[in-house]
There are 2 protein chains.
Amino acid sequence: MISITIIGSGNVAQHLIKAISKTTILEVTQVYVRNIDSVSHLIDYDKITNDISKLKNADLYIISVSDDAIQTVSKSLFFSNKLVAHTSGSVAMEELSDNNRKAVLYPLQTLSKKKEVDFTTVPLCIEAQNEADLQLLTEVAQNLSDHVYNVDSEQRKSLHVAAVFVSNFVNHLYKIGSDICIEHKVPFEILKPLILETAKKVQIMEPNEAQTGPAKRNDTSTINKHLAILTDENQKDIYKILTKSIIDNGKKL
Amino acid sequence: MISITIIGSGNVAQHLIKAISKTTILEVTQVYVRNIDSVSHLIDYDKITNDISKLKNADLYIISVSDDAIQTVSKSLFFSNKLVAHTSGSVAMEELSDNNRKAVLYPLQTLSKKKEVDFTTVPLCIEAQNEADLQLLTEVAQNLSDHVYNVDSEQRKSLHVAAVFVSNFVNHLYKIGSDICIEHKVPFEILKPLILETAKKVQIMEPNEAQTGPAKRNDTSTINKHLAILTDENQKDIYKILTKSIIDNGKKL
């Protein structure tokens, strides 16, 4: 068995605890949280602690806290030369304390407590300081997911930016679509199959090949009609810059 | 049987021919195209014509051509007082010629010739000038799809704008994500589960509730790190305005 201690109680920490519990080779030794009740629905009370000095020995410690707390938490660990990983997309591995061997296990998926996710489908981006640690981390990751990638800190940063575009920003465009529907009294429901099909298309086609719409066709008449319908300044600005970017992209080809 | 003539050979026309052929109540009487070979893989040669004067009698004529050709094509029909529908999201029903009874059958889905779509899942937005025509159109639409909506020309225009945001613009954000991956030598593949999950989330959650990311948290440090990674001016501008819009939206709540 590979023993793992989870430090934190956020979305990623909770999904990790659940995913580890489903394997036969990995086990959660302990969970460190500020508030014991925050994870008591996931694991036995005797494995939860809110006293950092009571952390037991484990093969891997996973720090899953907010980005700006990672450094402080890693420095607060009293032991040394153990394997300590964080789970952040935008924090470099080097930012972990030098007291321990550093690693990263970054699940590239949108995880919320409310929605169940099949963790075996979540891409895991891993990184470690030395070959032996990378091997252990690979074994851990492969037991949790079918999609494991070796990604260094620089690559991970750029992946995180790309993820903001294809997920956070995409979701905001869904929000704008919903706002337009509310304003004009049409059900947002009508757009849901289109949203799903657009995401499914790029699973098998290049995004460039899948591009359609007035900007792609440089259809100025429709573009101007659309701008006249929009009443919100941010919506107008977003429409203009995305249209410009699609048109500029067409010119490059 | 309800007899239908299709005018046009584009993506929508081809998907309609296939979908109608699968029903027991609707039949394609004839297809009018410029180039007979463009639809000969879908329907018998004797039902295809490239001579507009040879159009036979039908219960419904569906004009499925590019937006700027709809008016001209509808005026070129030699008969009168028949039911004629177009399939466009952004053209008003009124733009059809007064010679015939006007209607709209707008499939709100991204349809490409390359990718099969289950037409029964495609939302169909319908509109007609009088109650009897709306009844016939409803019967046609309900035989093609499980999702039929009565949507007037004004609502349809705003739906079309919303569709540009949640599909065309979303696809362009996928393109940018892909470009960032190529630039930093990481496989775009890693982002595909995230893309799908983000689209699935809003099938059951409000987009506003599903929003995550640095802009949502007003995390200026991560936002600035991301802007420093981006090298393309359009990408930077898109990052800035979408971040501003998410932050402004948070203030409204």
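Q: Across the interface of chain A and chain B in this predicted model, how many residue pairs are in polar contact?
A: Happy to start at the interface of the two chains. The rule counts a pair here when both residues are at pLDDT 80 or more. With that condition, the number of residue pairs in polar contact across the interface of chain A and chain B is 30.

Q: Which helix of chain A gives the most to the side that touches chain B?
A: Several helices of chain A each supply at least two residues of that side: α4 (153-183), α5 (192-204), α6 (207-210), α7 (220-229) and α8 (233-252). One of them gives the most, with 25 residues, and that helix is α4(A).

Q: How many residues of the side of chain A that touches chain B are nonpolar?
A: In total, the contact takes 88 residues from chain A and 89 residues from chain B. Split by class, the chain A side has 18 charged and 28 polar residues, and its nonpolar residues number 42.

Q: What area is buried between chain A and chain B, and what share of it do carbon and sulfur atoms give?
A: The size of an interface is often given as the accessible area lost when the parts come together. For chain A and chain B the buried area is about 8600 Å². The share from carbon and sulfur atoms is 68%.

Q: How many salt bridges are counted between chain A and chain B?
A: A salt bridge needs a side-chain nitrogen of Lys or Arg within 4 Å of a carboxyl oxygen of Asp or Glu. Although the chain A side of the contact includes 18 charged residues, the count of salt bridges between chain A and chain B is 0.

Q: Which side chains meet in a salt bridge at 2.9 Å, N to O?
A: Let's move inside chain A, where the domain assignment gives domain 1 (2-151) and domain 2 (156-252). Across the interface of these two domains of chain A the rule finds 1 salt bridge. At 2.9 Å from N to O, the side chains that meet in a salt bridge are those of R156(A) and E127(A).

Q: What area do domain 1 and domain 2 of chain A bury between them?
A: Taken over C-alpha atoms, the centres of the two domains of chain A are separated by 35 Å. Their contact takes 14 residues from domain 1 and 6 residues from domain 2. Carbon and sulfur atoms account for 62% of the area buried between these domains, which is about 730 Å².

Q: Which strands of chain A each supply at least two residues of the side of domain 1 that touches domain 2?
A: Across this domain interface of chain A, 3 residue pairs are in polar contact, both residues being at pLDDT 80 or more. On the domain 1 side, the strands of chain A that each supply at least two residues are β6 (101-107) and β7 (124-128).

Q: In chain A, which residue of β3(A) is the bridge partner of Y32(A)?
A: The open sheet of chain A has 8 strands with mixed pairing, in the order β3-β2-β1-β4-β5-β6-β7-β8. Strand β2 (residues 26-32) of chain A runs parallel to β3(A) and is joined to it by 2 bridges. The bridge partner of Y32(A) in β3(A) is T49(A).

Q: Why is one side of each of β3 and β8 of chain B left without a neighbour in the sheet?
A: In chain B, 8 strands form an open sheet in the order β3-β2-β1-β4-β5-β6-β7-β8. One side of each of β3 (48-49) and β8 (148-150) of chain B is left without a neighbour because both stand at the edges, each with a single partner strand.

How values were computed
Residues numbered from 1 in each chain as written. Chains lettered and ligands numbered in written order. Predicted model: local features only at pLDDT ≥ 70, side-chain atom pairs only at ≥ 80, totals over all residues. Heavy atoms only, no water. Contact = heavy atoms within 4.5 Å. Buried area = accessible area lost by both parts, 1.4 Å probe. Polar contact = N/O pair within 3.5 Å; in protein donor to acceptor, adjacent residues only side chain to side chain. Helix = DSSP H or I, 4+ residues; strand = E, 2+ residues; numbered from the N terminus. Nonpolar A, V, L, I, M, F, W, Y, C, P; charged D, E, K, R; others polar. Domains from an automatic or database assignment. Pairing = 2+ DSSP bridges.
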